[in-house]
Amino acid sequence: MTGVYNLNNGVDVTTLYKGLTTEQKETLEAVVADKKITEAELKKIEEAGIDKSLITNNFTKDVTADAAGDKRTQSKADVKSKIEELTRKYCKDLGKNGGDPYSTANPELNALNKMLDDGEIGQLAADGFTKTQILEIIAGAFPSVGIAPTGEDGSYTRPYGHGADAQKIYDRFTSQLVVATGQDSEEIKAAKAKLATINNQIASNNQNMQVLEVTIEALQEEVQEQLDKAIEDSKDIQEEHKQKAKDAVNNRLNEYTNSNGEMTYEEFQKNISGDLNGLQTKTGRALGDVVNDLVNANHKMNLLKGYVSDLTDLADNNKTLTDEAQATQTEINDLVKEQAAKAEAEGDCQAQCTDPIGFTTDTARYDFFVDTDNNKDITNEQEFLGAKDGFSEVKDLDANGDGLVTGEELDAGNVKVIKTNTDGTQEIVNASDVFKNATDGINLNSYQSTNQDIGEGNTLLGTFSASMDGQSMSGYQTLDSNEWLDKNYEFTDEVEGKGRFAKDGTGITEARDSSEKINLFTIKNTELEGKLSEAWNAWGFTDTMATQLIEASESEAKADGTKIQKGFDEIARKEEEKATQTEEERAKDKEMIEEKLNAKAKAEAEKEAEEAKEEEEKEKEDEEKED
């Protein structure tokens with residue numbers, strides 16, 4: 001069972017069924033009963049039209065779950081054989097290194113990137129190779145890229161990469177190695193399971209809100225149409241007919257309310273039609289139908305209030321869930337960062353990059369960076385002057401070739417300065433504001449290489465002299481870990497969660513925003529209530545009777561429905577399965593709307609397919625004409 005997906009801790013399987021069709025639910029139930037999903041079962045789930053995120057949110061792939069008896073520890077001979085295999089597959093007939101081995105000019109680094117595209121790291125782990133063995137294989141198959149194990153504990157070194165594309169390849173390698181060989185802590189697993197549960201609730205709310213919105217819109221249109229007809233028909237009705245209508249409604253209303261649930265709302269309306277049988281409006285419409293339009297509109301207005309209330313509750317619930325999801329995502333990010341920092345502290349991976357070239361005075365530290373995106377701030381460590389080509393980047397700024405890089409020349413190269421004050425605060429200033437005088441600047445001829453270990457995993461690459469306000473001082477160029485840089489500089493990428501600071505975890509399901517529609521529905525309901533009142537008044541119905549009708553419809557909506565007479569079978573419900581008539585109507589409406597939505601989607605898909613076919617045939621005809 002290569003590639004088994006295990007249900008995350010804390011996830012209730014039953015929550016996965018929300019929002020699915022009956023057929024989809026049956027498919028999912030059949031494959032998740034054992035709380036595991038194989039690759040074949042995952043394919044079956046996708047073929048059933050179930051969103052794959054339902055699985056990725058709630059299940060974690062176990063790359064070590066190979067077929068029983070197939071799992072084994074790989075030997076040194078196996079490692080050697082795999083090196084030879086990958087070398088043949090990815091490095092055969094490669095050209096010579098283009099100069100810098102840690103840039104994309106190196107064919108082997110591009111070959112490694114192709115291997116990452118093919119998912120070979122995960123496959124090596126699935127085949128039983130340990131983390132150290134995987135590192136040995138990479139070092140053997142791609143020797144020039146600088147990745148090498150440093151011990152049997154899975155620790156290793158790798159370059160930072162020269163240039164953004166190369167850095168991305170190295171970061172991809174580290175990320176895939178962590179996924180393939182690492183394992184989330186129990187805290188991270190629990191937090192991810194919690195987030196998945198919240199996401200499922202938000203997704204379920206979103207679907208219910210969509211159905212409610214469509215249902216409310218359709219029902220408001222029905223009420224509008226019924227009221228408009230009733231008001232129009234009432235204009236020329238004889239007073240004696242209006243009186244008969246009032247008497248019929250009043251008598252049948254009393255009969256209905258006194259039946260203690262024995263009479264259904266449908267029978268109540270049918271009785272009114274029977275009493276007014278034979279009476280017609282001038283347009284020939286039966287008077288009973290007109291009155292029942294009002295009665296139905298009255299009843300539906302009661303349902304509409306409930307639907308809008310339900311929609312509001314779901315929207316409020318989604319706001320609460322989103323806040324909870326964001327807090328959980330933050331918790332996951334912090335835990336992942338903490339776990340990664342711990343791994344680095346234990347010597348797992350020493351990835352280094354060029355630190356700012358700069359100098360210090362008694363009052364501040366000055367570091368140079370190239371504002372490549374012109375945001376007047378330092379975006380990430382890649383913007384430090386020297387991050388790509390070392391001190392040669394400084395030399396390239398010497399426009400007049402006099403060996404002194406001045407403030408004006410730094411400004412011309414879009415170089416700015418991070419000034420770190422003694423209290424730790426930082427500010428961005430122009431280079432010309434630091435090197436104000438013509439004799440101020442960086443003395444290129446003074447550069448001396450040192451390659452000295454200065455602690456915290458950092459290396460002093462070289463020193464140089466600089467002058468500011470006529471005073472001479474010593475400058476530096478270092479090679480530092482990202483961890484050290486993150487502690488000492490504030491990057492906008494980290495603030496915005498971009499690049500290597502992109503948030504980890506399953507992500508937060510976007511909550512449906514129904515606030516505008518809720519407002520429109522509320523306004524429309526108020527308008528319809530006004531029309532309903534107008535209609536009652538046109539027929540001369542008293543406020544008392546209108547109130548009784550509202551109460552009657554509410555009573556019907558809340559009735560247990562234990563007995564329906566005349567043509568309906570008696571329905572006996574268990575106490576825990578009792579539901580209000582309103583809930584039953586909403587369920588039926590939801591089912592009907594879902595069918596309409598599915599039918600609409602199917603029709604649109606068929607239409608698109610037909611249009612595509614016609615377009616294809618037209619192009620074919622045009623080509624034949626040209627021939």
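In this predicted model, Ala-30 counts as exposed, with a relative accessibility of 57%, and its place is in helix H1, which spans residues 22-32. Ala-30 and Glu-41 are eleven residues apart in sequence, and the distance between their C-alpha atoms is 9.5 Å.

Gln-226, by contrast, is buried, because its relative accessible area of 14% falls under the 20% limit that defines the buried state. This residue lies in helix H9, and, when residues up to four places away in sequence are not counted, Gln-226 touches Asp-293, Asn-296, Ala-297 and Lys-300.

Helix H9, comprising residues 186-233, is also one of the elements that each supply at least two residues of the largest nonpolar core, together with helix H10 (239-257), helix H11 (265-275), helix H12 (287-345) and helix H18 (515-539). The largest share of this core comes from H12, which provides 14 residues. The core holds 42 residues, of which Leu-227, Phe-268, Leu-276, Val-291 and Trp-539 touch the most other members. For Trp-539, the contacts that remain when residues up to four places away in sequence are left out are with Ala-230, Ser-234, Ile-237, Lys-242, Ala-245, Lys-246, Leu-287, Val-290, Val-291 and Leu-294. A second core, separate from this one, consists of 28 residues and includes Leu-86, Ala-111, Ile-138 and Tyr-170.

Strand pairing was examined next. Strand E12, formed by residues 441-455, pairs in the antiparallel sense with strand E9, formed by residues 404-405, over two bridges, and within this pairing the bridge partner of Leu-404 in E12 is Asn-443. E12 also pairs in the antiparallel sense with strand E13, which covers residues 458-468, in this case over eight bridges. Here Asn-443 stands opposite Ser-465 in E13, and Asn-443 is therefore a residue of E12 that has a partner in E9 as well as one in E13, given that strands are taken as DSSP runs.

A further antiparallel pair is made by strand E10, residues 415-421, and strand E11, residues 426-430, which are joined by five bridges. In this pair, Lys-419 stands opposite Glu-427 in E11. The two strands E10 and E11 form a hairpin with four residues between them, and Gly-424, which is located in the turn, has a positive phi of about 95 degrees.

Definitions and conventions. Residues numbered from 1 in each chain as written. Predicted model: local features only at pLDDT ≥ 70, side-chain atom pairs only at ≥ 80, totals over all residues. Heavy atoms only, no water. Core = buried A, V, L, I, M, F, W, Y, C linked by side-chain atoms within 4.5 Å. Buried < 20%, exposed > 50% of the residue type's maximum accessible area, 1.4 Å probe, protein only. Contact = heavy atoms within 4.5 Å. Pairing = 2+ DSSP bridges.
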